[in-house]
Amino acid sequence: MNELGEMLRARRDELGLTQTEVAELAGISNSFLSQLESGVRRGNNVRTVARLAGALKLRVDDVVGASIRGGMHRG
């Protein structure tokens with residue numbers, strides 16, 4: 001698991017939300033969220049990462065920072 005995945009899972013658990021609930025709030029698929037949390041995929045889209053931050057009530061810059069440290073490419 002990478003830093004982004006750990007952050008997402010920890011916050012989701014803290015809020016008592018399922019992956020499906022967070023995925024719906026962020027407008028992404030449950031499988032994509034699962035892959036982000038497990039580290040199989042990286043958050044490679046700033047807009048998606050920002051939506052996840054909103055869904056999980058996290059600061060966007062913290063989540064984007066975790067994505068960048070995990071190898072996110074902007075573009």
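The following legends describe views of a predicted model, from the whole chain to helix 4 and Asp 61.

**View 1. The whole chain, built from five helices and zero strands.** Helices (H or I, at least four residues) and strands (E, at least two) are DSSP runs numbered from the N terminus, and from that end the elements run α-α-α-α-α. With 75 residues, a compact globule would have a radius of gyration near 11 Å, and the chain, at 11 Å, agrees with this; the radius is taken over C-alpha atoms, and the globule rule is 2.2 Å times the number of residues to the power 0.38. The C-alpha trace spans about 30 × 25 × 20 Å along its principal axes. Of the contacts (heavy atoms within 4.5 Å) with a separation of 6 or more, 58% are accounted for by residues 24 or more positions apart.

**View 2. Confidence along the chain, with an average pLDDT of 88.** The pLDDT is the predictor's confidence in each residue, from 0 to 100, and 91% of the residues score at least 70. Confidence is highest in helix 2 (residues 19–26), at a mean of 97, and lowest in helix 5 (residues 60–69), at 84.

**View 3. The buried face of helix 4 (residues 46–55).** Thr 48, Val 49, Leu 52, Ala 53 and Ala 55 are buried, where buried means under 20% relative accessible area, exposed over 50% and partly exposed in between (1.4 Å probe, protein chains only). Seen down the helix axis, these buried residues fall within an arc of 165°, so they line one face of helix 4; the arc is that of the directions from the helix axis to the C-beta atoms. Their cover includes helix 1 (3–15), helix 2, helix 3 (30–38) and helix 5, whereas the face turned away from the buried side carries the exposed residues Arg 47 and Gly 54.

**View 4. The two ends of helix 4.** At the N-terminal end, Asn 45 caps the helix, with a side-chain oxygen 2.8 Å from the backbone nitrogen of Arg 47. Helix 4 is followed by Lys 57, which has a positive phi, near 55°.

**View 5. Asp 61 in helix 5.** Asp 61 is partly exposed, with a relative accessible area of 46%. The C-alpha atoms of Asp 61 and Thr 20, which lie 41 residues apart along the chain, are separated by 24 Å.

Residues are numbered from 1 along each chain as its sequence is written, and side-chain values use heavy atoms, with hydrogens and water left out. In this predicted model, local features need pLDDT of at least 70 and side-chain atom pairs count only at pLDDT 80 or more, while totals for chains, interfaces and linings use all residues.

How values were computed:
A polar contact is a pair of N or O atoms within 3.5 Å; within protein, one must be able to donate a hydrogen and the other to accept it, and residues adjacent in sequence count only if both atoms are side-chain atoms.
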